[in-house]
Amino acid sequence: MDVKIEVDPAEVGLDAGRLQRLDRHLGAYVDDGRLPGWSLLVSRRGQIAHLSTYGRRDIENDLPLDTETIFRIYSMTKPVTSVAIMMLVEEGLLDLKTPVASLIPSFGNLRVYQGGPATKYVTLPASQPMRLWHLLTHTSGLTYGFHHMHVTDEIYRDNGFEWGQPAELDLAGCVDAYAAMPLAFEPGAEWLYSVATDVLGRVVEVVSGQTLPEFFAARIFDPLGMTDTAFRVSPADADRLAALYVQNPEDGRALRYDVFGKAALRPVTSPSGGGGLVSTIGDYHRFTQMLRGRGELDGTRLLGSRTLDAMRANHLPGGADLTQFGRPLHAETDFDGVGFGLGFSTVLETVPTKVLTSAGQYGWGGAASTAFWVDPVEDMTMIFMTQLLPSSTYPLRQAFDTLVHAALVD
């Protein structure tokens, strides 16, 4: 996807010099070895006003990072899956109150963790069914093995679910395995980031009759012109894939992590709607512009405008934010003043966040420190791409909010 600057920042109320502060701030992370490289895009009023790249997509082979670089976007897959679900809702094939068990029978016998260690835990039957909106809002009671915060997380790890899944399981098998493990709490009782969106990916398959890659390609990527987004990198494009890195505990520098990173090159047996996609900054810009257009881009409409408005509204009970309703997690940002909608986080109040942002700004990020947001108040979008696991290593996302909004001068 060819992507380039489309407008002088001053023409859309942005100060170019102030945007350079963001480049300098992020550049320091590359100069001292903390990040391999990055790409940043800022658009306003539907036009790209700032586009910059810095560093390497592959340090060891001295390959520069550019706008054609392919990134593992991990949990930035979740908004795509959520859009797919809402497309099916609009077609009358699903309802937000639909019980998951009516689509995936293994969810008909859910049990909730009550106590005991991971090797000998006690459960009780769930008192209510898990519904579609529980999955979309991460209030399902499901969890992630990589949280390392609760016994249920350990149970996931014991069953082979931490940063991936057992190799022998396809998506249907993974989802059935999630249903067999205890919930951390009753559906709807709390917020907990989880494999819920992977379950939604299976729902898409069951309802549409297509595999998740087929549905994404036919219904979202092809219509939006997202030519470089998929569940794996093809052999022909392998040289464009950025290497994956973690922080070296000895010196803090980026350390190559091919054991995990090379998964993006292999055939996919269990397409993850929660974290399986690779993409480019230009492709994901197309997706964010569809969101900015309230479901429409360049004459192609995926969702009705009111549907997109509903997705970015806070769906946590009582209007609570994630600090009030969510379980404490080790994350790169605070949750004060931030709620959660149908697939996105959403800013409820700017003052509690203690960063420069807008009420109503929504978005999400990925495990390799990628992030995006859409700010409807300022008619602005931001995308950041890099490849460093985990995203909680550095407080990058607060810088995006503050330094981009500090460049507004109109």
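**Figure 1. The open sheet of the predicted model, built from eight strands.** In this predicted model, the strands follow the order 3-2-1-16-15-14-13-12, with antiparallel pairing. Strand 3 (63-64) and strand 12 (338-340) are the edge strands, each pairing on one side only.

**Figure 2. The pairing of strand 2 with strand 3.** Two bridges join strand 2 (residues 47-58) to strand 3 in the antiparallel sense. Leu63, in strand 3, is the bridge partner of Asp58. In general, the strands of a sheet pair through backbone hydrogen bonds, either parallel or antiparallel.

**Figure 3. The surroundings of Ser43 in strand 1.** Strand 1 spans residues 37-44 and contains Ser43. Ser43 has a relative accessible area of 1% and is therefore buried, the limit being under 20%. Its side chain makes polar contacts with the side chain of Gln289 at 3.3 Å and with that of Thr381 at 2.5 Å. Not counting residues up to four places away in sequence, Ser43 also touches residues including Ile48, Ala49, His285, Asp379 and Met380.

**Figure 4. The largest nonpolar core, with 83 residues.** The residues with the most contacts inside this core are Leu142, Tyr178, Phe216, Ile220 and Leu291. Helix 2 (residues 78-90) supplies the largest share of the core, seven residues. A second, separate core of 30 residues includes Val42, Ala49, Trp373 and Phe384.

**Figure 5. The contacts of Tyr178.** With neighbours within four places in sequence left aside, Tyr178 is in contact with Leu142, Tyr156, Phe161, Val195, Asp198 and Val199. Both Tyr178 and Leu142 are among the residues with the most contacts inside the largest nonpolar core.

Terms used
Residues are numbered from 1 along each chain as its sequence is written. This is a predicted model: local features need pLDDT of at least 70, side-chain atom pairs count only at pLDDT 80 or more; totals for chains, interfaces and linings use all residues. Side-chain values use heavy atoms; hydrogens and water are left out. Two strands pair if DSSP finds at least two bridges between them. Helices (H or I, at least four residues) and strands (E, at least two) are DSSP runs, numbered from the N terminus. A nonpolar core is a set of buried Ala, Val, Leu, Ile, Met, Phe, Trp, Tyr and Cys residues joined through side-chain atoms within 4.5 Å. Buried means under 20% relative accessible area, exposed over 50%, partly exposed in between (1.4 Å probe, protein chains only). Contact means heavy atoms within 4.5 Å. A polar contact is a pair of N or O atoms within 3.5 Å; within protein, one must be able to donate a hydrogen and the other to accept it, and residues adjacent in sequence count only if both atoms are side-chain atoms.
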